[in-house]
Amino acid sequence: MQRLEDKESLRALLIHGWRALDRKDWRTWIDCWAEDAVLEFGPWERIHGREAILAKVIEAEAPYISMQHHILNMDFEAQGDRATGIGYMWFVAVTSPTATASPYAMGGPYDWEFTRDTTGWHLTRQRLGVWWTTGEDPRKTFTEAN
């Protein structure tokens, strides 16, 4: 029963956090991360520490008019106070008020690591790759140049 509860807690953590991203509720989202977390995202350098991750994501995503962060096919393995997970990203963003009919989108694999402390589960590492994109992003937020 504990394994099922852990898996549901991990799923709920990600859904809660990524819905907060859609609302640009940065603090709720970053509270899902451990202090010493690592973010590895294809086009960006490896980012260490919760506040550095937060700063990069705000810089990258704040300018978008609206966003949807979909997490698909999540699967988790938990053992004690450590867990791993995989899933898929489908990110969609409206890049300007005149581009609502042609949003920018991208997708790829998630690979997560988590730890549990007295306050619950937190992300300690997220690897995210980009396998595909569609539409135009005039800001080039998610390209190798950034």
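Reader: Why is Glu77 called partly exposed?
Author: In this predicted model, Glu77 has a relative accessible area of 40%. Buried means under 20% and exposed means over 50%, so Glu77, at 40%, falls in between and is partly exposed.

Reader: What makes the contact of Glu77 with Arg3 a salt bridge?
Author: The closest N and O atoms of Glu77 and Arg3 are 3.7 Å apart. A salt bridge requires a side-chain nitrogen of Lys or Arg within 4 Å of a carboxyl oxygen of Asp or Glu, and the value for Glu77 and Arg3 therefore qualifies. This pair links distant parts of the chain, with Glu77 in strand E3 and Arg3 in helix H1 (residues 2–22), 74 residues apart.

Reader: How many salt bridges does this rule give?
Author: The count comes to 14 salt bridges. One of the pairs that meet the rule is Glu40 with Arg125, at 2.1 Å from N to O. Glu40 lies in strand E1 (residues 33–41) and Arg125 in strand E6 (residues 120–128), so this salt bridge ties together parts that are 85 residues apart in sequence. Both Glu40 and Arg125 are buried.

Reader: How do you know that Arg125 forms a salt bridge with Glu113?
Author: The closest N and O atoms of Arg125 and Glu113 are 3.9 Å apart; the limit is 4 Å, so the pair is counted. Here too the pair links distant parts of the chain: Arg125 belongs to strand E6 and Glu113 to strand E5 (residues 104–117), 12 residues apart. Glu113 has a relative accessible area of 28% and is partly exposed.

Reader: What makes Glu40, Arg46, Asp111, Glu113, Arg125 and Arg127 one network?
Author: These six residues are joined by salt bridges that share partners. Arg125, for example, pairs with Glu40 and also with Glu113.

Reader: Why does Glu61 have no salt bridge?
Author: The nearest side chain of opposite charge is that of Lys24, 8.2 Å away. A salt bridge needs a nitrogen and an oxygen within 4 Å, so the pair of Glu61 and Lys24 does not qualify. Glu61 is nevertheless buried. It is placed in helix H3 (residues 50–61), and, leaving aside residues up to four places away in sequence, it touches Leu21, Lys24, Trp26, Met67, His69, Phe91 and Phe142.

Reader: What is the phi of Lys24, and where does Lys24 lie?
Author: Lys24 has a positive phi of about 60° although it is not a glycine. Lys24 is found in the loop between H1 and helix H2 (26–30). Its relative accessible area of 27% makes it partly exposed. Asn73 likewise has a positive phi, near 50°, and is a residue other than glycine. Asn73 lies in strand E3.

Reader: Why is Asn73 called exposed?
Author: The relative accessible area of Asn73 is 61%. Exposed means over 50%, so Asn73 is exposed.

Reader: What makes Leu72 partly exposed?
Author: Leu72 has 37% relative accessibility. This value is neither under 20% nor over 50%, so Leu72 counts as partly exposed. Leu72 is in strand E3 (residues 66–79). With Tyr88, Trp90, Trp131 and Trp132, Leu72 forms a nonpolar patch on the surface, and together these residues have about 560 Å² of accessible area.

Reader: How do you know whether Met106 is buried or exposed?
Author: The relative accessibility of Met106 is 3%, and buried means under 20%, so Met106 counts as buried. Met106 is placed in strand E5. Its contacts, not counting residues up to four places away in sequence, are Phe41, Met89, Trp90, Phe91, Val130, Trp132, Thr133 and Phe142.

Reader: How many aromatic pairs does the structure hold?
Author: The structure holds 10 aromatic pairs. The rings of Trp18 and Trp33 have planes at 20° and centres 6.5 Å apart; planes under 30 degrees apart count as stacked, so this pair is stacked. Trp18 lies in helix H1 and Trp33 in strand E1, so the pair ties together parts that are 15 residues apart in sequence.

Reader: Why is the pair of Trp29 and Trp33 called edge-to-face?
Author: The angle between the planes of Trp29 and Trp33 is 65°, with 5.4 Å centre to centre. Edge-to-face applies over 60 degrees, so the pair is edge-to-face. Both Trp29 and Trp33 are buried, and Trp18 is buried as well.

Technical notes
Residues are numbered from 1 along each chain as its sequence is written. This is a predicted model: local features need pLDDT of at least 70, side-chain atom pairs count only at pLDDT 80 or more; totals for chains, interfaces and linings use all residues. Side-chain values use heavy atoms; hydrogens and water are left out. Patches are made of residues with over 30% relative accessible area and no salt bridge: like charges are joined within 9 Å, nonpolar side chains (Val, Leu, Ile, Met, Phe, Trp, Tyr) within 5 Å. Accessible areas come from the Shrake-Rupley method with a 1.4 Å probe; for residues, only the protein chains shown count as cover. Helices (H or I, at least four residues) and strands (E, at least two) are DSSP runs, numbered from the N terminus. Buried means under 20% relative accessible area, exposed over 50%, partly exposed in between (1.4 Å probe, protein chains only). Lys and Arg count as positive and Asp and Glu as negative; His and the chain ends are not counted. Contact means heavy atoms within 4.5 Å. Rings of Phe, Tyr and Trp (its six-membered ring) pair if their centres lie within 6.5 Å; planes under 30 degrees apart count as stacked, over 60 as edge-to-face and the rest as tilted.
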